[in-house]
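Biologist: Hi! Could you walk me through this model before lunch?

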Amino acid sequence: ILNVSRSYTIYVPPPPPEYKLFSYGRNYEGQLGLNNTTLRSSPVQVGSLTEWKQIDGGENHFLGIKGSGSLWSWGESTYGEGGRGTTTSISSPVQIGLLINWSQVSTGNNHTVAVKTDGTLWTWGYNGNGELAQGDATDRSSPVQVGALSTWVSASAGANHCLALKTDGTLWAWGYNFDGELGDGTSTTRSSPVQIGGLTTWTKIAAGNYFSLGLKTDGTLWSWGNNEQGCLGLGDTTLRRSPVQIGAGSNWSKISASTG
């Protein structure tokens with residue numbers, strides 16, 4: 001009988017870091033999460049928990065995901081953007097449902113888009129321009145799934161439009177499109193996701209205030225949409241309805257776009 005003894009080393013990656021949450025600024029709708037509507041000019045901790053993993057803020061509402069995967073909201077909910085099944089604003093974080101499989105959330109002016117760990121895509125809030133990708137213009141005050149696919153990786157909500165990436169590297173967009181912020185070469189508003197081009201090399205996205213940004217796997221940076229303030233980074237103020245590369249660099253790694 002041959003006895004063989006082997007020694008194994010198993011690496012278990014550490015969980016994503018979790019943090020305390022601080023807020024400051026305008027607070028008319030309780031969007032600072034401090035259980036009041038008092039303006040703050042210095043950072044104040046929201047509660048005493050240290051388990052926040054991701055936060056994103058819209059015009060007057062905020063969404064957050066804790067390390068457990070639970071989803072929370074606070075602030076304005078006039079159009080149901082808080083996702084709590086109500087249009088009542090609230091000044092402290094409240095959990096949305098009981099699920100703990102949320103992985104990423106992004107807020108627009110009055111709508112929200114989120115991705116679950118199973119790859120499904122969800123939206124809620126204002127839908128006058130098709131922001132919720134439900135094929136209609138009806139507001140929703142609770143999360144509703146976009147289609148039946150489970151191949152979504154990430155999503156970003158702009159002022160009145162959304163961008164999303166699939167596992168195959170394709171880029172999709174929907175919502176308001178007067179300024180070409182969807183990037184499909186038109187000014188047609190869409191209430192369902194449309195693919196932008198045929199490339200499978202998109203890796204990061206950021207939807208802003210009527211414009212959009214994207215990164216490709218080769219490290220190049222692209223922009224499209226409204227450009228009145230030069231926010232497309234192209235050295236002019238000309239609107240673009242399709243993605244245009246910013247410069248010739250190929251070493252971009254992170255992007256962010258303001259909806260303010």
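Modeller: Sure, one term before we start: strands are DSSP runs of E with at least two residues, helices are runs of H or I with at least four residues, and both are numbered from the N terminus. This is a predicted model, where local features need pLDDT of at least 70, side-chain atom pairs count only at pLDDT 80 or more, and totals for chains, interfaces and linings use all residues. Residues are numbered from 1 along each chain as its sequence is written, and side-chain values use heavy atoms, with hydrogens and water left out.

Biologist: Good. Where is N35 found?

Modeller: N35 sits in the loop between β1 (22-25) and β2 (40-45). Its phi is positive, about 65°, although N35 is not a glycine.

Biologist: And is N35 buried or exposed?

Modeller: N35 counts as exposed, at 58% relative accessibility. The cut-offs are under 20% relative accessible area for buried, over 50% for exposed and partly exposed in between, with a 1.4 Å probe and protein chains only.

Biologist: Which other residue has a positive phi without being glycine?

Modeller: A133 has one, near 60°. A133 lies in the loop between β9 (121-125) and β10 (140-145), but this residue counts as buried, at 7% relative accessibility.

Biologist: What is in the largest nonpolar core?

Modeller: That core has 12 residues, and A133 is one of them, along with V113, V115, L121, V146, W152, A155, A157, C162, A164, W172 and W174. By nonpolar core I mean a set of buried Ala, Val, Leu, Ile, Met, Phe, Trp, Tyr and Cys residues joined through side-chain atoms within 4.5 Å.

Biologist: Which elements give two or more residues to this core?

Modeller: Those are β8 (111-116), β11 (152-157), β12 (161-166) and β13 (171-175). β11 gives the most, with 3 residues. Apart from this core lies another, of 11 residues, among them A173, I196, A207 and W222.

Biologist: What does A155 touch?

Modeller: Leaving aside residues up to four places away in sequence, A155 touches Q104, S106, V113, V115, L121, L163, A164 and I205. Contact here means heavy atoms within 4.5 Å.

Biologist: New topic: how many disulfides does the search find?

Modeller: The search of the whole structure finds 0. A disulfide would need a pair of cysteine sulfur atoms within 2.5 Å.

Biologist: Why is there no bond for C162?

Modeller: Because the closest cysteine sulfur, in C231, is 18 Å from the sulfur of C162, which is too far for a bond. C162 is buried, with a relative accessible area of 0%, while C231 counts as partly exposed at 29%.

Biologist: And what is the order of the strands in the open sheet?

Modeller: The 4 strands run β3-β4-β5-β6, with antiparallel pairing. Strands pair if DSSP finds at least two bridges between them. β3 (52-57) and β6 (90-95) are the edge strands, each pairing on one side only. Between β3 and β4 (residues 61-66) there are 5 bridges, and W52 stands opposite K66 in β4.

Biologist: How many aromatic pairs are there?

Modeller: There are 11 in the whole structure. Rings of Phe, Tyr and Trp (its six-membered ring) pair if their centres lie within 6.5 Å; planes under 30 degrees apart are stacked, over 60 edge-to-face and the rest tilted. W202 and W222 are an edge-to-face pair, 6.4 Å centre to centre with 70° between the planes, and both are buried. Ring pairs also link W52, F62, W72 and W74 into a cluster.
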